[in-house]
Amino acid sequence: MGTAAEMLGVTPTFLRALGAAKLIEPKRSSGGHRRYSRYQLRLAARARELVDQGTPVEAACRIIILEDQLAEALRINAEYERERGAGN
């Protein structure tokens, strides 16, 4: 956790807050250490951007979750449109 926090320029407390808000849920090593994926680190970096702009942590997490859901919906819609266009 310390390494991830250092990479992002945040505190371990900030990363724990992101976990409490259900934005990121790191895997645990056999020794119990938190292991963050690159994707989770990107989400944490985005959360830091929003918090630095004055957004409360819980609101920042909700915004990021909604952004992620929107991106996935747009990806699925584009895939559907490609398949529909190929069927003509």
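**Entry 1: Glutamate 81**

I began with glutamate 81, which counts as partly exposed because its relative accessibility is 36%. I am working from a predicted model, so every value in these notes is a computed one. Glutamate 81 belongs to helix α4, which runs over residues 57-86. I also looked up how far glutamate 81 lies from alanine 47: the two are 34 residues apart along the chain, and their C-alpha atoms are separated by 32 Å.

**Entry 2: Lysine 22**

Next I went to the loop between α2 and β1, where lysine 22 sits. Is lysine 22 buried or exposed? I noted 63% relative accessibility, and lysine 22 therefore counts as exposed. Its backbone caught my eye too: phi of lysine 22 is near 65°. That is a positive value, in a residue other than glycine.

**Entry 3: Isoleucine 24**

I stayed in that loop, since isoleucine 24 also has its place between α2 and β1, with β1 covering 27-28. Here the relative accessibility is 3%, so isoleucine 24 counts as buried; the cut-off for that label is under 20%. What does isoleucine 24 touch, not counting residues up to four places away in sequence? I found Leu15, Leu18, Gly19, Tyr36, Gln40, Leu43 and Ala44. I checked one pair by distance as well: isoleucine 24 and valine 10 are 14 residues apart in sequence, and 15 Å lie between their C-alpha atoms.

**Entry 4: Glutamine 40**

One name in that contact list sent me on to glutamine 40. I found glutamine 40 in helix α3, which spans residues 38-52. Glutamine 40 counts as buried because its relative accessibility is 12%. With neighbours within four places in sequence left aside, I listed its contacts as Ile24, Glu25, Pro26 and Arg35.

**Entry 5: The nonpolar core**

I then looked for the largest nonpolar core and found that it has 19 residues. Which residues have the most contacts inside it? They are Leu15, Leu18, Leu23, Ile24 and Tyr36, so my isoleucine from the loop turned up again. Two or more residues come from each of α1 (2-8), α2 (12-20), α3 and α4. Helix α3 gives the most, with five residues. As a reminder to myself, nonpolar side chains tend to be buried together in soluble globular proteins.

**Entry 6: α3 against α4**

With α3 in mind, I turned to the way it packs on α4. The axes of these two helices come within 9 Å and cross at roughly 130°. That angle makes α3 oblique to α4, and I noted the crossing as right-handed. From α3, the residues in the contact are Tyr39, Leu43, Arg46, Ala47, Leu50 and Val51. On the α4 side I wrote down Val57, Ala60, Ile63, Ile64, Glu67 and Asp68. Sorted by class, the contact holds nine nonpolar, no polar and three charged residues.

**Entry 7: α2 against α3**

Last, I looked at α2 with α3. How are these two helices oriented to each other? Their axes are 11 Å apart, and the packing angle is about 105°. The two helices are therefore roughly perpendicular. Phe14, Leu15 and Leu18 in α2 meet Ala44, Ala47, Arg48 and Val51 in α3. I recorded six nonpolar, no polar and one charged residues for this contact. Ala47 and Val51 were familiar names by now, as both also appear in the contact of α3 with α4.

Notes:
Residues are numbered from 1 along each chain as its sequence is written. This is a predicted model: local features need pLDDT of at least 70, side-chain atom pairs count only at pLDDT 80 or more; totals for chains, interfaces and linings use all residues. Side-chain values use heavy atoms; hydrogens and water are left out. Helices (H or I, at least four residues) and strands (E, at least two) are DSSP runs, numbered from the N terminus. Buried means under 20% relative accessible area, exposed over 50%, partly exposed in between (1.4 Å probe, protein chains only). Contact means heavy atoms within 4.5 Å. A nonpolar core is a set of buried Ala, Val, Leu, Ile, Met, Phe, Trp, Tyr and Cys residues joined through side-chain atoms within 4.5 Å. Axes are lines fitted to C-alpha atoms, for helices over the stretch in contact, and angles run from 0 to 180 degrees between N-to-C directions. Angles under 35 degrees count as roughly parallel, over 145 as roughly antiparallel, 65 to 115 as roughly perpendicular and the rest as oblique. A crossing is left-handed if the near helix is turned anticlockwise from the far one by less than a right angle, and right-handed if clockwise. Ala, Val, Leu, Ile, Met, Phe, Trp, Tyr, Cys and Pro count as nonpolar, Asp, Glu, Lys and Arg as charged, and the others, Gly among them, as polar.
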